Amino acid sequence: MEGELRLATVDDAVQYQLFLIPCEQGDPDQHREVLQQYIERILVQFAPILVSYIWQNQPFNLKYKPPKGDIPAHIGGVTKFGDNIEDEWFIVYLIQQVTKKFPELVARVDDNDGEFLLIEAADFLPKWLTPENSANRVFFHQGELCIIPQPKTPGEEPWLPATSPTILQALMLLSAHPDDFLATKSVRAAVYKRISGYPEKVQASFHQAHCYLPAGIVVVLKHRPALVAAAVQAFYLRDSIDLQACRPFKTFLPKTRVMTSVTFTKCLYAQLMQQKFVPDRRSGYILPSPVHHQYKAHELGMKLAHGFEILCSKCNTVSPDSKRQVLNTPFWAGFLNSLKTNNYFKGEPEGSAKYLDQLHMAENYFQQSVIKPESSVAMSPGEEILTLLQTLSFNLDELEKEAASLPPEDDDGWLEISPDDLDQILSEASGRNESIPPSNEEDQKYDLAEVTESMKAFINKVSTHEGAETPWSPAEACVTFDVDSFTDALDRILGADSEELDSDDLEEEEQFEFLDSDEDLDSEALGQEEKALPNKMIGSLRSYMNDMDCELMHTNVGKSFITPRKVASSAKEPLSRDADCALEDDSGAGDTDLTPVDVDLNLVTNLLESYSAQAGLAGPASNILQSMGVHLPENSDHRCINSRAKD
C-alpha cells in the first residue's frame, strides 16, 4: 500500500501530503469536513503569494484524499513542474510554511526520484540512511525537517521500527515524540539553503520583456497573466499538426499587433528565446531585419502568438456562464470573505481599478487551485482564452497609447554565463565555499604536497559497487576514533603476530594488505589459520615482486618513471645526443641496479600531464582534484608557446 503513495510513472512532478495528528479514528464524514476546512484556510493564508505566481505547467493544488489501506485520510496534491525546477522547490517552501503555520499538520514531499530532499542533503546524511530504507522517514513538522531514525541495535530502542515504518507508524511517532526526530543541523541547512529567499525570490524569478502582440492576446494577458505559461509550452512543444492551425491565423490576426510588456518566468523566457523558428509566409507574420532595434520584441511576439493560436485551435468555445457558476458557490463566498479578513485587497476601495485587478486574480486562483481538482467545469487554457475573448472588449487606440509609455524591459544578461561564474555556481552547489583562485599567478599559492596527500586519501578510501567517496576534510565532519574497534580490525588483517613486522615490511606490503579490506572475513571460520597468514603472505608477495622486477627489468616500463637518478642527471649539463643514446643502450643492456621510484614525484608529474592534456576542458584530473578542494593553476608554458606562435 505504501508504494501507491509514491509517484511511479509521472515524470517531473512533485507529490505532497498533509496529515493531521494525532491521527485519531473518528467519524469519517466529520474528519473529511475538518480536512476541507484546512484546505480553505491554507489556500487563503497563502493566497497573497500564490495568486500572482506563474506556474510552468500545473499550479499548487490541495484536495481531500480518502483513507486507503494503511494510509489515513489526508490532504494531498500533485503538481507537474516540467522544466522549471524552481516550481518544485517553491512548493517545498509552501509545505514547510504550512506545517509552521499549522503545527498540527505533518507533511511529506517526494517526486519521481523519490526522497529528493535527501538527495539535496546527500553529503551530510548518516551512513545507515539509504534509498532502500528511506521510505516514510522524512517529514516536515512544525516547520522543521524531521527524519525518523533506525534503531542502532534491534533491542536497544524497541519503540522505533526496525524496518521502514508505515505512514501510520510514522505519524504516531511524530505525535508522541515531536522533538526527538529533528534532522541534523547540516542536513537541515542543506535543504533550507535551497528554499531560502522565498517569498521575495518569487519576484526575482520573473522577467519583463517587450513583445509585439495581437491586441486580443494583450487583453487576455492583462486579465490572466499566468496564461503565458500555457502559450509558451504550446509553442515549445509544437508539432507539424499544431503549425497547420497557424496557416493562416484565425483567432489572433497580425494586423492588430501592438507593443506591450509581458511578464515571463526566467524559465519560460529562456525557452522562448532559444527556439529558432521562421514563421510561415501564409501566417501573415513578417519579421523585420535582425539589426532592427525592435527585432527581439517582434520575434518574441510572433512566437507567443503562435502558442496562443495553437491553444485556441484545440478547443471549442465555452459558455461564459461556466465561470460564473463556479463563483456563485458558497465556497467562493467564504473564500472571498477570508481574503478580505486577511487584508488581501490592501485597503483598496471596492470597485476601483486595483481592487478589480486583485479580484480577477483571486477568481482565477480560486478556479485553478481550489475548484479545478474537484470540478468538471474547470476549463482548459484554450477554452479560457476563447471565453475571455468573448467577454472582454478593447480599444486598439488606447492600447497603442499605452505602448508609448511602457516600462523598460529587464536585462536578459543572465542568459549568458562566464566560465568563472559557472565554476562559482558549481562550487556553491556542491556545498563548498572555496573562492575561485585568483587569475594573477603571483598571488596563487599551490602546495604540491596537498595534491599528493589528497590523491593518497582518495585511493585509500574504500569503494563499493555504489561508487567511490571523496574524502571529507576535518572541517566538514566530526572525527571519531574507537581504539578497541581499530585494534580488533588491525588484528584481523595482520594477525596476532603483527608486531614482528618492521616498518619497512609494513610500508612495502601496505597496498597489498588493503586488498583484503573489501572482503568480509569470517573470523570463526578461519580460526588459527589467520595467525600464520601474515608471514606466509609476506613471503609469497616478496617472491612475486622479485619475479616481477626481474621480468620488467628487460622492458621499457621502468623508463616511464622518474627516479632520483634521472632528476639528478637533469640538473647537470645535458650530454650530446650520441652520448645519451649510448647511455640508454648501456642501461638497457646491463643495468641491474633497481633505483627506487619517487612515488610522490611521479604522481604529481602524471597529474600535471593529464591536466595539461585537458587543454582547459573538463577531465579526470581536474574533476578528482576539484572535488577534494584542490585547484591547479593554468599551464603557463602552453600559454607562452601559444603567444609566441601568434607573434
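In this predicted model, the structure holds 12 salt bridges. As a general point, side chains of opposite charge can pair when their charged atoms come close. Several of these contacts reward a look in the viewer, and a good place to start is the pair made by arginine 224 and glutamate 384, whose closest N and O atoms are 2.7 Å apart. Arginine 224 sits in the loop between H8 and helix H9 (227–236), while glutamate 384 belongs to helix H16 (residues 381–391), so this salt bridge ties together parts that are 160 residues apart in sequence. Both partners, arginine 224 and glutamate 384, are buried.

Another salt bridge brings together the side chains of aspartate 412 and lysine 296, at 3.2 Å from N to O. Here aspartate 412 is found in the loop between helix H17 (396–403) and H18, and lysine 296 in helix H12, so parts that are 116 residues apart in sequence are tied together by the pair. Lysine 296 counts as partly exposed because its relative accessibility is 25%.

Glutamate 144 also takes part in a salt bridge, with arginine 188 as its partner and 3.8 Å between the closest N and O atoms. The two come from distant parts of the chain, glutamate 144 from strand S6 and arginine 188 from helix H6 (residues 185–194), with their positions 44 residues apart. Glutamate 144 has a relative accessibility of 29% and therefore counts as partly exposed. Arginine 188, at 17%, counts as buried, since the cut-off for that class is under 20% relative accessible area. Beyond these pairs, Glu86, Arg194 and Lys201 are linked in a network of salt bridges.

Strand S6, the home of glutamate 144, leads on to the sheet. Six strands make up an open, antiparallel sheet, and their order across it is S2-S3-S1-S4-S5-S6. Strand S2 (63–65) and strand S6 (144–147) are the edge strands, each of them pairing on one side only. On average, neighbouring strands of the sheet are turned by 35° against each other, direction ignored. In general, strands of a sheet pair through backbone hydrogen bonds, either parallel or antiparallel. Strand S5 (residues 138–141) runs antiparallel to S6 and is joined to this edge strand by four bridges. Within that pairing, phenylalanine 140 stands opposite leucine 145 of S6.

Past the sheet edge, lysine 152 is placed in the loop between S6 and helix H5 (167–176). Is lysine 152 buried or exposed? With a relative accessible area of 72%, lysine 152 is exposed, because the exposed class begins over 50%. The C-alpha atom of lysine 152 is separated by 9.1 Å from that of alanine 162, a residue 10 positions away along the chain.

Aromatic contacts were searched for across the whole structure, and 16 aromatic pairs were found. One of them is a stacked pair of tyrosine 16 and phenylalanine 60, with 5.1 Å from centre to centre and 25° between the planes. This pair links distant parts of the chain, 44 residues apart: tyrosine 16 lies in strand S1 (residues 13–20), and phenylalanine 60 lies in the loop between helix H2 (47–50) and S2. Tyrosine 16 is buried, at a relative accessible area of 1%, and phenylalanine 60 is buried too, at 2%. A tilted pair is formed by phenylalanine 249 and tyrosine 285, with centres 4.7 Å apart and planes at 50°. Its partners lie 36 residues apart, phenylalanine 249 in the loop between helix H10 (240–244) and strand S8 (257–265), tyrosine 285 in the loop between helix H11 (266–274) and helix H12 (295–313). Phenylalanine 249 and tyrosine 285 are both buried. In addition, one aromatic cluster is formed by Tyr53, Trp55, Phe90, Tyr93 and Tyr198.

Two helices round off the picture. Helix H8 (residues 215–223) is mostly covered, with eight of its nine residues buried; among them are Ala215, Gly216, Val219 and His223. Helix H18 (residues 419–429) contains leucine 426. Together with Ile417, Leu422 and Ile425, Leu426 forms a nonpolar patch on the surface, and the four residues have about 350 Å² of accessible area together.

Methods
Residues are numbered from 1 along each chain as its sequence is written. This is a predicted model: local features need pLDDT of at least 70, side-chain atom pairs count only at pLDDT 80 or more; totals for chains, interfaces and linings use all residues. Side-chain values use heavy atoms; hydrogens and water are left out. Patches are made of residues with over 30% relative accessible area and no salt bridge: like charges are joined within 9 Å, nonpolar side chains (Val, Leu, Ile, Met, Phe, Trp, Tyr) within 5 Å. Accessible areas come from the Shrake-Rupley method with a 1.4 Å probe; for residues, only the protein chains shown count as cover. Two strands pair if DSSP finds at least two bridges between them. Axes are lines fitted to C-alpha atoms, for helices over the stretch in contact, and angles run from 0 to 180 degrees between N-to-C directions. Buried means under 20% relative accessible area, exposed over 50%, partly exposed in between (1.4 Å probe, protein chains only). Rings of Phe, Tyr and Trp (its six-membered ring) pair if their centres lie within 6.5 Å; planes under 30 degrees apart count as stacked, over 60 as edge-to-face and the rest as tilted.
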